[in-house]
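Here are some worked exercises to try with the structure open on your screen. Have a go at each task before reading its solution.

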Amino acid sequence: MADLMEIMMSPPPADPVILDVPAPAHVPKDLVRDLRAYQGLKPNTLDDPYLPSDRLRDADIPPVMWSPFPATWITSGMWVVTSYKDCAKVYQDTEHFISGGSADFQKLIGETFRCLPLSYDDKLHLAYRRFLNPFFSQKAVGEMDGYIRQLCDDMIDPFLAGNGGDFAHDFARVFPVKVFLTLMGFPHTMLDQFLAWEDRILHSRDFDIMRGALTEVIAYLRKIMTDREAVPQDDLLSKILHGEIDGRPLTDEEKMGAVFLLWLGGLDTVASTLGKMFRHLALDHPLQARLREHPELIPGAVEEFLRTQPLVFSMRQLRKDLTLHGIEMKAGDWIQALSSQGNFDPEAFKCPRDFDPERKANRHFTLASGPHLCLGAHLARQELRIALEHWLRRVPTFSLASEADREVYPGLHATKTMQIAW
Ligand code: HEM
């Protein structure tokens with residue numbers, strides 16, 4: 001039997017090969033596969049980094065498989081589903097699937113609070129969403145429109161002065177995080193430190209490094225929450241700390257759970273989407289020309305960028321046994337909805353590899369689906385729309401600079417550096 005650690009350290013194979021590694025007794029051996037290349041864990045330099053995922057649609061590939069990766073602190077393996085229909089079931093069928101707390105990284109250091117609302121289900125989840133939704137409604141985030149536009153323009157100016165620059169490092173990495181810091185009321189001086197902590201937690205895949213970063217960030221958040229509770233300001237942090245759920249104040253654990261999850265979700269998701277979006281545009285001049293000529297297509301284009309560049313492939317836990325495609329799954333098993341497959345399923349999207357800003361009923365999974373639909377969806381869309389509008393209005397046709405690093409992950413990893421020029 002192969003050693004799991006050894007496989008983990010090796011580069012993922014391009015094919016979903018069968019792995020002879022430990023798996024629960026009820027998992028058929030031929031379904032245990034190396035799917036790392038399809039789970040966003042392997043970078044490539046392709047114009048469309050998601051293209052390799054078409055392989056999972058071939059007739060010899062089972063519709064449901066078992067992946068020993070990513071190995072996390074909660075499980076050493078999970079089912080993986082690949083069709084649009086099965087992804088929708090995982091996201092929406094709350095009779096069989098619960099959230100399970102897959103983002104509760106803080107458990108690694110013995111913290112007992114749960115990410116709120118993500119780690120909750122049913123009525124409690126609904127109560128928490130009712131509390132948080134108004135802060136992220138279209139109207140609420142619309143009030144930040146002027147600020148976001150001004151920030152975007154200010155950040156484009158140096159690129160205009162230099163006829164280009166490092167889009168990933170100097171724009172995508174910073175722009176959404178500044179918006180998030182302003183919304184929450186976190187000091188802008190924490191930007192680099194926040195991103196460094198987040199990188200260690202989400203991308204190091206080393207439990208010791210993760211523990212160190214978690215200890216530091218949670219201590220920081222506790223301190224700023226105590227200070228802000230004593231002296232409230234006009235920001236979301238103060239509103240959460242002084243908020244009420246069903247007529248009672250939030251407990252300390254609930255406050256921490258909400259602030260920590262927003263911190264985790266608000267930092268590099270939009271940055272990663274922006275990097276991939278502008279990489280696509282830099283490689284596709286006809287699309288740039290079309291959107292410059294028809295800015296009314298920009299909202300539809302944002303939706304297509306989201307569909308064709310999914311980042312987060314959600315995990316759920318089975319609350320009861322289930323048979324899917326003849327495969328018996330057990331209560332307690334974990335399962336992953338591979339959005340990078342669902343979003344390109346020809347059963348759900350006509351010509352799924354075509355980028356079509358006029359696509360109708362674009363119900364992709366990039367911002368999830370069902371009860372845990374992304375809370376920050378309006379904010380994310382607004383930032384992406386504004387970035388597109390302002391860049392295309394102010395900057396001439398741009399390309400990747402000859403020295404640009406072309407490597408990109410078909411997943412959450414944000415591109416670290418991307419020189420563009422015109
Ligand atoms: C393009 C950017 C974004 C993407 C692709 C994205 C994606 C997602 C996905 C896939 C989920 C479901 C997670 C799961 O089921 O395990 C989710 C949930 C969530 N997101 Fe986002 N997100 C983005 C931006 C944001 C922003 C900017 C914020 C906050 C400022 C945010 C806050 C949240 C929260 C709080 C949840 C949990 C919702 C719940 O459990 O009801 N997200 N997001």
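**Exercise 1. A proline and its contacts**

Which residues does Pro70 touch, not counting residues up to four places away in sequence?

*Solution.* This is a predicted model, so we're reading computed geometry throughout. Start by finding Pro70 in the loop between β1 (64-67) and β2 (78-81). Leaving out residues up to four places away in sequence, Pro70 touches Gln39 and Leu41. Next, count neighbours: Pro70 has 18 C-beta neighbours inside 10 Å, so it counts as partly exposed. Finally, jump along the chain to Gln341, 271 residues away from Pro70; the C-alpha atoms of the two are separated by 17 Å.

**Exercise 2. Checking the length of α9**

Work out whether the span of α9 agrees with a rise of 1.5 Å a residue, then see what covers its buried side chains.

*Solution.* Helix α9 covers residues 207-230. Its 24 residues should span 34 Å at 1.5 Å a residue; the end C-alpha atoms are 34 Å apart, so the two agree. If you try this by hand, multiply 1.5 Å by one less than the number of residues. Now for burial: Met210, Ala213, Leu214, Val217, Ile218 and Arg228 are the buried residues of α9. These pack against α8 (191-203), α10 (236-241) and α11.

**Exercise 3. How α9 meets α11**

Describe the packing of α9 and α11, from the axes down to the residues.

*Solution.* Two packed helices are described by the angle between their axes and the distance between the axes. Here the axes of α9 and α11 (residues 252-266) come within 11 Å and cross at roughly 120 degrees. That angle makes α9 and α11 oblique to each other, because it falls outside the 65 to 115 degree range for roughly perpendicular and isn't over 145. The crossing of α9 past α11 is right-handed. On the α9 side, the contact is made by Ile218, Leu221 and Met225, while α11 brings Lys255, Val259, Phe260 and Trp263. Sorted by class, that contact holds 6 nonpolar residues, no polar ones and 1 charged.

**Exercise 4. What surrounds α16?**

List the buried residues of α16 and name elements that cover them.

*Solution.* First, the length check: the 18 residues of α16 (residues 377-394) should span 26 Å at 1.5 Å a residue, and the end C-alpha atoms are indeed 26 Å apart. Second, the buried residues of α16 are Leu379, Ala380, Gln382, Glu383, Leu384, Ile386, Ala387, Leu388, Trp391 and Leu392. Third, their cover includes α4 (138-142), α5 (145-162), α7 (175-184), α12 (269-283), α13 (285-293) and α14 (298-308). While you're looking at α7, note its own buried residues: Phe175, Pro176, Val177, Val179, Phe180 and Leu183. Just after α7 comes Gly185, with a positive phi of about 90 degrees.

**Exercise 5. Two partners of α16**

Give the angle, axis distance and contact residues for α12 with α16, then for α14 with α16.

*Solution.* Take α12 first. It packs on α16 at an angle of about 35 degrees, with the axes 10 Å apart, and passes α16 in a right-handed crossing. From α12, Thr269, Val270, Thr273, Leu274 and Met277 meet Ala380, Glu383, Leu384 and Ala387 of α16. By class, the α12 contact with α16 has 6 nonpolar, 2 polar and 1 charged residues.

Now α14. The axes of α14 and α16 come within 10 Å and cross at roughly 120 degrees, so the pair is oblique. The crossing of α14 and α16 is right-handed. Ile298, Pro299, Ala301, Val302 and Phe305 of α14 meet Arg381, Leu384, Arg385, Leu388 and Glu389 of α16. This α14 contact with α16 divides into 7 nonpolar, no polar and 3 charged residues.

**Exercise 6. Backbone oddities in loops**

Is His325 buried or exposed, and what about Ala368?

*Solution.* His325 sits in the loop between β8 (322-324) and β9 (327-329), and has a positive phi of about 50 degrees although it isn't a glycine. With 10 C-beta neighbours inside 10 Å, His325 counts as exposed. Ala368, in the loop between α15 (339-342) and α16, also isn't a glycine and has a positive phi, near 70 degrees. Ala368 is buried, because 21 other C-beta atoms lie within 10 Å and the cut-off is 20 or more. For one last loop feature, go to Pro117, between β3 (97-98) and α3 (122-132): the peptide bond from Leu116 to Pro117 is cis, with omega near 10 degrees.

Definitions and conventions. Residues numbered from 1 in each chain as written. Predicted model: local features only at pLDDT ≥ 70, side-chain atom pairs only at ≥ 80, totals over all residues. Axes fitted to C-alpha atoms, helices over the stretch in contact; angles between N-to-C directions. Helix = DSSP H or I, 4+ residues; strand = E, 2+ residues; numbered from the N terminus. Parallel < 35°, antiparallel > 145°, perpendicular 65-115°, else oblique. Left-handed = near helix turned anticlockwise from the far one by under 90°. Contact = placed C-beta atoms within 7 Å. Nonpolar A, V, L, I, M, F, W, Y, C, P; charged D, E, K, R; others polar. Buried ≥ 20, exposed ≤ 12 C-beta atoms within 10 Å, placed from the backbone.
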